[in-house]
Every structure is written in structure tokens, then in C-alpha cells.
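This report describes a protein model together with its ligand. The sections below treat the interior, the ligand surroundings and the annotated sites in turn.

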Amino acid sequence: MQKPKYKRVVLKLSGEALAGDKGYGIEHTTISSIARQIIEIVGKGTQVAIVVGGGNIWRGVAGSQRGMDRATADYMGMLATVINALALQDALENIGMDTRVMSAIEMKEICEPYIRRRAIRHLEKGRVVIFAAGTGNPYFSTDTTAALRSAEIEAEVILMAKKVDGVYDSDPINNPDAIKFNYLDYIEVLNKGLAVMDSTAASLCMDNKIPIIVFNLTEEGNILKAVMGENIGTYVGRQEHAQ
Ligand code: GTP
């Protein structure tokens with residue numbers, strides 16, 4: 001059996017990724033498809049931690065743009081990620097995958113608190129760990145959570161699931177002539193203001209040398225391809241490490 005390229009990964013799922021075509025809430029067939037793809041890579045021997053967003057339920061930034069207090073709006077977003085984490089846990093456990101949800105904001109009746117060494121232990125035991133409630137702080141995105149948790153658990157790569165197949169020089173949905181990048185250095189993401197992730201997250205990845213693979217989640221089998229080291233989507237990192 002071909003061995004996976006990565007032994008420990010963080011999969012970053014946006015909240016919208018769980019919504020399917022509806023754009024809102026959680027779609028059963030979509031979340032089931034994601035769960036199947038995750039089980040496939042765990043079966044190859046890769047340890048998987050997931051950071052999930054909450055934008056399918058509530059967007060902190062949008063709330064604050066409408067005049068809400070930013071910190072309050074962000075806390076609502078963090079709670080939305082917990083809803084998504086529980087839905088993912090349910091979808092994974094339905095198909096026999098052991099999971100542990102760990103929240104950055106303590107809510108012991110619902111899930112475990114985030115404890116770094118315990119998260120690593122769960123991964124070593126072959127459980128999928130789902131990180132909920134972002135970093136527990138307002139003003140930080142779930143992209144930043146993915147970067148932070150990756151550094152903490154020493155993940156080798158962040159698999160950044162999107163609805164498009166990589167990073168483009170302009171929005172490929174609105175501009176049919178948009179050009180896709182196969183490789184990008186972190187500094188290009190920052191300098192060009194590319195919409196891969198926010199600048200806090202990109203800087204954290206750059207400083208800690210965590211590569212990011214941006215790929216299309218809607219094509220089933222892509223998570224496996226990324227983990228096996230196939231050249232899909234856009235690789236963000238240092239040139240010498242590019243695929
Ligand atoms: P091991 O120590 O490796 O056996 O890990 P474990 O997670 O199986 O052991 P533990 O006895 O800590 O947990 C048993 C179950 O309780 C698991 O489903 C955990 O997710 C859950 N659990 C553990 N701590 C908490 C907590 O603080 N809150 C909630 N809600 N569940 C918890």
C-alpha cells in the first residue's frame with residue numbers, strides 16, 4: 001500500500017463547506033461525503049485534526065458590519081463552530097470513526113476542553129480531533145485557529161478546503177480569465193493580498209513554516225490526493241518544499 005506523504009494534518013473546513021448548495025445550515029449529504037473522505041485518509045494512517053468555521057450559521061464580521069459589538073459578534077461565531085463540530089462528530093461516528101471534540105471555550109457538558117497534550121494523545125490513538133470555538137478569542141479567525149493548532153500539535157500541513165480548486169489572481173467565479181497559481185510563497189500571499197486566508201493566519205504559517213494546500217473539497221477524493229502528495233490545488237509554502 002502506498003504510504004501517505006503526511007502523517008499528521010489539520011483539515012480546515014469553512015462553515016460554508018458543510019452547507020452544500022444551500023449556502024446556509026448543515027446539509028446531510030455534504031457532511032456525510034466529507035466524513036467518508038476523512039475516514040479514507042485515517043485508514044491510510046494519517047492523523048487528522050479538523051478546524052471548522054461557523055460562517056454557515058453566523059459570521060462575526062458581518063454582524064459587526066451591521067453595527068454589533070465586534071467581540072459579541074465573534075463570540076456568536078465561535079458558538080456556531082461548536083454546532084458544526086458536533087454535527088461533524090455525529091457524521092463521523094455514524095460511520096464508525098472515533099472522534100473527540102475539543103473546545104477552546106470550556107463547555108464541559110458538551111465536549112472536552114482543549115488541552116494540547118491530550119489532543120495529541122487522541123490523534124496518536126487514531127481518533128479524529130475536532131477543534132471547536134476557534135482560538136477562544138474574538139478578532140481571530142478560524143483560519144488563524146488552523147495555523148495556531150497546526151503549530152501546537154506539529155501538523156505537517158494545513159489542508160485548506162475550498163469550493164474552488166486553488167488560489168487565483170482574481171475571483172474565478174466572477175472572472176473566467178482568472179489565473180490559478182500552482183505554487184505561492186507566503187510572502188506573495190501577504191503582499192498580493194490573496195484571499196487564501198487572512199494575514200494573521202498567513203503570517204503565523206510563514207513564521208512556523210507550516211505549508212498550506214488549498215484545494216477543492218467538492219470533488220470527492222481530493223483530501224486523499226492531497227494527503228498522498230498528489231499535485232492538486234495550490235501549494236503555499238517555501239519554494240524548496242513545493243511539491
Ligand atoms: P483515553 O484517556 O485515551 O481513554 O481517552 P478518552 O477520551 O476515551 O477518555 P476519557 O475517559 O477522558 O473520555 C471518555 C469520553 O468522555 C469521551 O467520549 C470524551 O470525549 C468524553 N469527555 C472527556 N472529557 C470530557 C469533558 O470535559 N466534557 C465532555 N462533555 N465530555 C468529555
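## Basis of the description

A polar contact is a pair of N or O atoms within 3.5 Å; within protein, one atom must be able to donate a hydrogen and the other to accept it. One such contact, of 2.9 Å, joins the side chains of R127 and H122. The model is predicted.

An unreviewed UniProt entry assigns residues 7-216 to the annotation "domain: Aspartate/glutamate/uridylate kinase". Over residues 7-216 the chain is 40% helix and 20% strand, and the C-alpha atoms at the two ends are 21 Å apart.

## Nonpolar cores

The largest nonpolar core comprises 44 residues. Those with the most contacts inside this core are L11, L13, I38, I50, V128, I130 and L159. Two or more residues each come from strand 1 (8-13), helix 1 (28-43), strand 2 (47-52), helix 3 (70-94), strand 5 (128-132), strand 6 (157-162), strand 10 (212-216) and helix 8 (222-227). Helix 3 provides the largest share, seven residues.

I50 illustrates how these elements meet. Apart from neighbours within four places in sequence, I50 is in contact with L11, L13, I38, L88, L92, V128, V129, I130 and F131. A second, separate core has 32 residues, including A49, I120, A146 and V167.

## Ligand surroundings

Which residues surround the ligand? They are R100, K108, E109, I110, C111, E112, P113, R118, H122, K125 and R127. Strand 4 (112-113) and helix 4 (116-124) each contribute at least two residues to this shell. Three polar approaches can be listed. A polar backbone atom of K108 is 2.5 Å from a nitrogen atom of the ligand, a polar side-chain atom of K125 lies 2.3 Å from a ligand oxygen atom, and an N or O atom in the side chain of R127 is 3.0 Å from an oxygen atom of the ligand. On its own the ligand has 620 Å² of accessible area, of which the protein covers 53%.

R127 is located in the loop between helix 4 and strand 5. Its relative accessibility is 18%, so R127 counts as buried, the cut-off being under 20%. Leaving aside neighbours within four places in sequence, R127 is in contact with V48, D98, R100 and H122. G166 is 39 residues away from R127 along the chain, and the C-alpha atoms of the two are separated by 28 Å.

## Annotated binding site

The unreviewed UniProt entry also carries a "binding site" annotation, which covers G54, D74, T135, G136, N137, P138, Y139, F140, S141 and T142. Why can these positions be said to gather at one spot? They span 89 residues in sequence, yet no two of their C-alpha atoms are more than 14.3 Å apart, so they gather at one spot.

S141 lies in the loop between strand 5 and helix 5 (142-153), and with 25% relative accessibility S141 is classed as partly exposed. A polar atom of the S141 side chain lies 3.3 Å from the backbone nitrogen of D143. T142 belongs to helix 5 and, at 18% relative accessibility, counts as buried. The side chain of T142 makes a polar contact of 3.4 Å with the side chain of K12. Beyond neighbours within four places in sequence, T142 is in contact with K12, V51, V52, G53, T81 and G134.

## T81 in helix 3

T81 lies in helix 3 and is buried, with a relative accessible area of 2%. The T81 side chain reaches the backbone nitrogen of A133 at 2.7 Å. Setting aside neighbours within four places in sequence, T81 is in contact with V52, G53, G54, A132, A133, G134 and T142. Among these, G54 and T142 are covered by the "binding site" annotation from UniProt.

## Backbone torsions

Most residues other than glycine have a negative phi. Y139, although not a glycine, has a positive phi of about 75°. Y139 lies in the loop between strand 5 and helix 5 and, at 53% relative accessibility, counts as exposed.

E154 likewise has a positive phi, of about 60°, and is not a glycine. E154 is found in the loop between helix 5 and strand 6. At 62% relative accessibility, E154 counts as exposed.

Note on methods: Residues numbered from 1 in each chain as written. Predicted model: local features only at pLDDT ≥ 70, side-chain atom pairs only at ≥ 80, totals over all residues. Heavy atoms only, no water. Core = buried A, V, L, I, M, F, W, Y, C linked by side-chain atoms within 4.5 Å. Buried < 20%, exposed > 50% of the residue type's maximum accessible area, 1.4 Å probe, protein only. Helix = DSSP H or I, 4+ residues; strand = E, 2+ residues; numbered from the N terminus. Contact = heavy atoms within 4.5 Å. UniProt positions renumbered as here; feature names shortened; annotations may be inferred. Near = heavy atom within 4 Å. Areas by Shrake-Rupley, 256 points an atom, 1.4 Å probe, with all protein chains shown as cover.
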